[in-house]
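This report describes how a protein model is put together, from its interior to its charged pairs. Please keep the sequence and the structure in view while reading.

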Amino acid sequence: MLEIIIRLALLFCSISMLGLIYRVIKGPSVADRVIALDAVGINLVAITALISIVLNSHAFLEIILLIGILAFIGTVAFAKYLEKGVIIERERNH
Amino acid sequence: MSYLHWAIVAPLFLSIFIPIFYKVFRRIHTGWFVLPLPILLFVYFLSFLPVTMSGKTMMESMNWIPSLGINFTAKVDGLGLLFSLLITGIGALVVLYSIYYLAKDKEKLNQFYVYLLLFMGAMLGVVLSDNLIVLYAFWELTSFSSFLLIGYWYEREKSRYGAQKSMLITVFGGLAMLGGIILLYIMTGTFSVTEVISQANEIFNHALFVPALICILLGAFTKSAQFPFYIWLPDAMEAPTPVSSYLHSATMVKAGIYLVARFTPVFGEHSLWFWLVSGVGILTLIWGSIFAVKQTDLKAILAFSTVSQLGLIMSLLGVGAAALHYEFLDDNIFTVAVTAAVFHLINHATFKGSLFMAAGIVDHETGTRDIRKLGGLMHFMPITFTISIIGTFSMAGIPPFNGFLSKEMFFTAMVHVIEMDIFNLETLGILFPVFAWIASIFTFVYSMILVFRTFTGKYQPEKLDKKPHEAPIGMLISPVILVSLVIIFGFFPNLLSHSLISPAMASILPSLLGPGEEFMVHISFWHGFTIELFMTLGVVILGIILYKTHSKWKKIYQAIPDKLALNRFYDSLLEGVQLGSHKLTKSYMNGSIRSYLVYIFAFFIFILAATLIGKNAFKLDTSNVSAIGVYEVVLAIFVVVGSISILFVKSRMTSIILLGAVGYTVSLFYVLFRAPDLALTQLVIETISVALFLVCFYHLPKLRKFETRMRFRLTNALISVGVGAMVTLIALSAHSNKLFDSISKYYVENTYTEAAGKNMVNVILVDFRGFDTLFEITVLAIASLGIFGMIKLRLNRRKEG
């Protein structure tokens with residue numbers, strides 16, 4: 001039972017991933033793509049977790065955390081980039 | 001080291017001290033410090049005469065690189081001794097002459113004598129080495145020191161041209177000779193000349209015999225200025241006259257003759273040797289003599305005359321080699337050719353040396369060497385005139401000088417060629433005496449021009465820079481000694497026959513001598529009324545007629561020889577090679593990275609495909625392939641879709657994001673294939689690199705207003721598809737060709753027991769194979785320092801302002 005559910009969940013994750021990648025490719029604006037990429041990251045978290053269950057291993061739990069952090073940092077960096085044009089500001093710019 | 005070795009390298013040692021003498025004793029001409037050495041060596045080498053006269057040789061060996069069979073073996077036999085005496089004897093005379101010729105305060109005497117001593121030592125090394133590699137080393141040293149001496153007045157354009165030309169041609173020949181030496185080594189297994197000669201019969205039918213013969217002859221022909229390599233010698237006349245006299249008439253150009261003589265016992269029985277040596281020799285003889293008539297510069301006449309006389313000696317050696325076909329000594333008429341060659345070698349060194357010195361005196365005292373400006377110098381320079389007339393008469397072959405004797409013997413040898421019944425000589429042999437005879441006529445003509453145009457006729461003071469007067473006595477000593485030798489050898493030729501000629505012949509034709517025998521050389525003035533006498537008479541009569549009518553027919557020269565001049569060919573060859581290679585390089589090194597990548601990848605595809613097909617290596621074996629799960633398929637689709645879309649998107653930003661997506665999917669692959677550490681690292685790195693790409697692309701200049709899609713290029717598409725297909729094919733065959741199990745079992749078993757860790761990847765990284773990690777850390781450090789340096793260190797910032 002659990003097996004089937006996990007398979008189904010993975011399938012749905014993949015479908016949503018495809019949808020997200022379609023958005024990443026298509027756009028139309030950069031913000032759309034960044035949001036889509038952020039969602040791809042969260043999707044990856046889900047897929048990694050599901051696969052850990054399939055593989056019956058807890059070696060990948062760190063990856064889940066890491067993806068969460070990276071997705072956050074990446075999205076913030078993109079956001080700042082889109083708004084200010086730079087990611088790390090120099091102090092004298094203040 | 002024996003005394004003999006010291007004698008060979010003594011000039012090289014002395015050359016080290018020459019600059020010191022030059023600096024310390026400024027008031028004494030440096031040449032005086034050089035002079036004792038060649039005299040000493042000459043006396044030393046004279047002491048070997050009894051050894052060689054009794055048919056013995058003297059060998060001294062010194063280890064150099066014994067493991068390769070290369071030892072500095074010095075061998076004194078008849079031939080080597082003859083050359084050593086020439087080198088040291090004429091060397092001493094030339095040094096004496098140069099002391100008066102080169103001014104103490106105007107010339108760079110330290111350089112001159114260093115080069116000259118280098119040359120002298122090298123030349124002694126060439127003629128006395130028994131080891132072929134040592135011989136080659138000294139051989140190149142002669143080329144090199146000759147290059148330095150020709151370019152002695154390096155501020156002149158023509159000196160540099162002549163030096164470069166002689167260097168290119170002689171080094172070309174030297175390298176060919178090295179090839180021949182190596183081929184001989186392959187055949188015989190030894191570098192020793194003596195041992196090669198002893199194995200001559202065994203290698204006669206070897207496949208490499210003919211290539212070795214040709215290579216060795218190339219070396220000899222380039223060095224001895226044979227056709228068509230003679231062209232460097234006239235241009236080498238830019239050297240100071242003592243150098244021309246020493247190197248380019250008496251010694252260095254005879255190194256090729258020496259080589260041919262030395263290798264006659266090895267190659268002499270081959271018909272190719274006969275045809276090449278005597279054919280090229282006789283061609284050079286006639287060619288050089290015809291061209292010499294055309295020249296107007298004294299040294300140019302002498303240069304072409306040297307070319308022609310070297311051809312004469314060469315052809316005699318070729319004909320002499322035919323003597324090896326007749327395995328008996330009595331009545332072996334062809335040995336006379338070798339006698340003539342050796343005798344003429346000595347004669348040529350004496351009269352040509354003196355003629356060069358006389359030309360140098362004329363140049364020194366009048367300021368020109370152009371025979372059109374000279375004339376009527378007889379009364380100003382009686383001694384020089386006497387020297388010249390003896391030298392030229394000897395060169396032209398007029399009795400009673402030594403040139404007459406060797407010319408007679410030359411004719412004898414050439415007439416005997418007709419009697420040979422080998423190598424189709426019954427029909428073609430007649431050409432030899434005819435060519436020899438015509439060349440002798442031309443020799444006579446240019447000899448007469450040389451002496452009479454310079455010293456008789458009208459004196460033209462308006463064309464001369466200086467008022468001519470007789471040379472200082474010191475300058476005259478050397479040529480006077482040489483012409484007295486011309487006369488002495490002319491009247492008493494048998495002084496030489498037992499002491500020098502017979503031992504030298506014994507080394508050229510050793511197989512003809514039984515134990516205890518020696519060549520009976522008897523040179524006489526009077527043979528009776530033979531054909532040679534009439535030939536000489538013909539030469540003299542026709543020569544006088546041609547000389548008297550020279551002004552009428554010399555116009556023919558303006559038409560014919562220009563087209564045949566090989567200098568033009570050499571120049572256009574050199575230019576063509578430069579132009580051609582320049583064009584070639586420009587055609588493919590176009591500075592665009594794209595083209596270079598096209599070459600690299602095209603070769604990659606070509607070579608790998610050729611190897612796969614040639615070795616029939618492609619193999620598909622699915623027996624050890626694991627089952628494909630659905631997750632892998634899905635992820636693969638993600639990667640493929642992401643990668644392919646990168647090619648077709650318009651904006652840079654999109655491609656970066658797509659690249660990031662592909663990277664993340666790859667990390668999912670790592671998860672799926674159970675590599676948590678890899679997945680972690682991949683995620684972090686992918687994020688950072690995407691960020692870096694963003695930083696870069698933000699700063700890229702906007703080249704076009706609208707970002708466009710990548711242009712389609714068929715070459716690029718073909719090559720990328722080709723590379724992809726190639727790598728896939730190789731990966732498939734590599735997977736199907738696994739020959740043995742992997743060694744990972746060891747790590748699985750020992751990770752915890754040996755290294756106290758449970759994470760196998762990390763244990764491998766820091767324990768089993770920690771060295772790789774160390775240097776990858778280094779790579780990262782270098783990269784970061786490099787980036788820091790590139791950003792911070794802007795040396796040209798100030799210039800840009």
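## The nonpolar interior

The model described here is predicted. Within it, B:F267 is in contact with B:L184, B:F209, B:A212, B:L213, B:I216 and B:W273, when neighbours within four places in sequence are left aside. Two of these names return in the description of the largest nonpolar core, where B:F45, B:L184 and B:F267 are the residues with the most contacts inside it. This core has 210 residues. Its largest share, 18 residues, is supplied by helix α16 of chain B, which covers residues 335–366.

A second core is separate from the one just described and has 46 residues. Among its members are A:A36 and A:L70 from chain A, together with B:V671 and B:A679 from chain B.

## Where the two chains meet

How many residues does each chain bring to the contact? Chain A gives 27 residues and chain B gives 26 residues. The area buried between the two chains is about 2800 Å², and carbon and sulfur atoms account for 86% of this area. On the side of chain A, the residues that lose the most area to chain B are A:L55, A:L70 and A:Y81, which together make up 18% of what that side buries. Between chain A and chain B, the count of salt bridges is zero.

A:R33 illustrates a charged residue that touches both chains. This residue lies in helix α2 of chain A, residues 30–55. Apart from neighbours within four places in sequence, its contacts include A:R23, A:V24 and A:P28 in chain A, and B:S651, B:T654 and B:I657 in chain B. A:R33 is buried yet has no salt bridge. The nearest side chain of opposite charge, that of A:D32, is 7.7 Å away, whereas a salt bridge requires the nitrogen and oxygen atoms to be within 4 Å.

## Salt bridges

Side chains of opposite charge can pair when their charged atoms come close. Over all chains, the whole structure contains nine salt bridges. One of them joins B:K158 to B:E238, with the closest N and O atoms 3.9 Å apart. This pair links distant parts of the chain: B:K158 is in helix α8 of chain B (residues 157–188), while B:E238 is in the loop between α11 (232–235) and α12 (241–250), and the two residues are 80 residues apart. Their surroundings can be described by accessibility: B:K158 is exposed, at 53% relative accessible area, but B:E238 counts as buried, at 18%.

A further salt bridge is formed by B:R372 and B:D370, with a distance of 2.9 Å from N to O. Here B:R372 is exposed, with a relative accessible area of 53%, and B:D370 is buried, with a value of 17%. In the salt bridge between B:R769 and B:D772, the closest N and O atoms are 3.2 Å apart. B:R769 is partly exposed at 47%, and B:D772 is partly exposed at 36%. In addition, B:D297, B:D363 and B:R369 are linked in a network of salt bridges.

## A buried position in helix α14

Is B:I282 buried or exposed? B:I282 counts as buried because its relative accessibility is 5%, under the limit of 20%. The residue belongs to helix α14 of chain B, residues 271–294. Leaving aside neighbours within four places in sequence, B:I282 is in contact with B:G311, B:S315, B:M414, B:F432, B:F435 and B:A436. The C-alpha atoms of B:I282 and B:T306 are separated by 13 Å, and these residues are 24 residues apart along the chain.

## Backbone features in loops

A cis peptide bond, with omega of about 0°, joins B:F227 and B:P228. B:P228 is found in the loop between α10 (209–223) and α11 of chain B. The loop between α10 and α11 also holds B:A225, whose phi is near 55°, a positive value in a residue other than glycine. B:A225 is buried, with a relative accessible area of 0%.

A:N56 likewise is not a glycine and has a positive phi, of about 55°. This residue is placed in the loop between α2 and α3 (61–84) of chain A. A:N56 counts as exposed, at 71% relative accessibility.

## Domains of chain B

The domain assignment of chain B gives domain 1 (269–513 + 532–550), domain 2 (593–748) and domain 3 (749–800). The C-alpha centres of domain 1 and domain 2 of chain B lie 78 Å apart.

Key. Residues are numbered from 1 along each chain as its sequence is written. Chains are lettered from A and ligands numbered from 1 in the order in which they are written. This is a predicted model: local features need pLDDT of at least 70, side-chain atom pairs count only at pLDDT 80 or more; totals for chains, interfaces and linings use all residues. Side-chain values use heavy atoms; hydrogens and water are left out. A nonpolar core is a set of buried Ala, Val, Leu, Ile, Met, Phe, Trp, Tyr and Cys residues joined through side-chain atoms within 4.5 Å. Buried means under 20% relative accessible area, exposed over 50%, partly exposed in between (1.4 Å probe, protein chains only). Helices (H or I, at least four residues) and strands (E, at least two) are DSSP runs, numbered from the N terminus. Contact means heavy atoms within 4.5 Å. Domain bounds come from an automatic or database domain assignment. Lys and Arg count as positive and Asp and Glu as negative; His and the chain ends are not counted. Buried area is the accessible area (1.4 Å probe) that two parts lose on being put together, summed over both.
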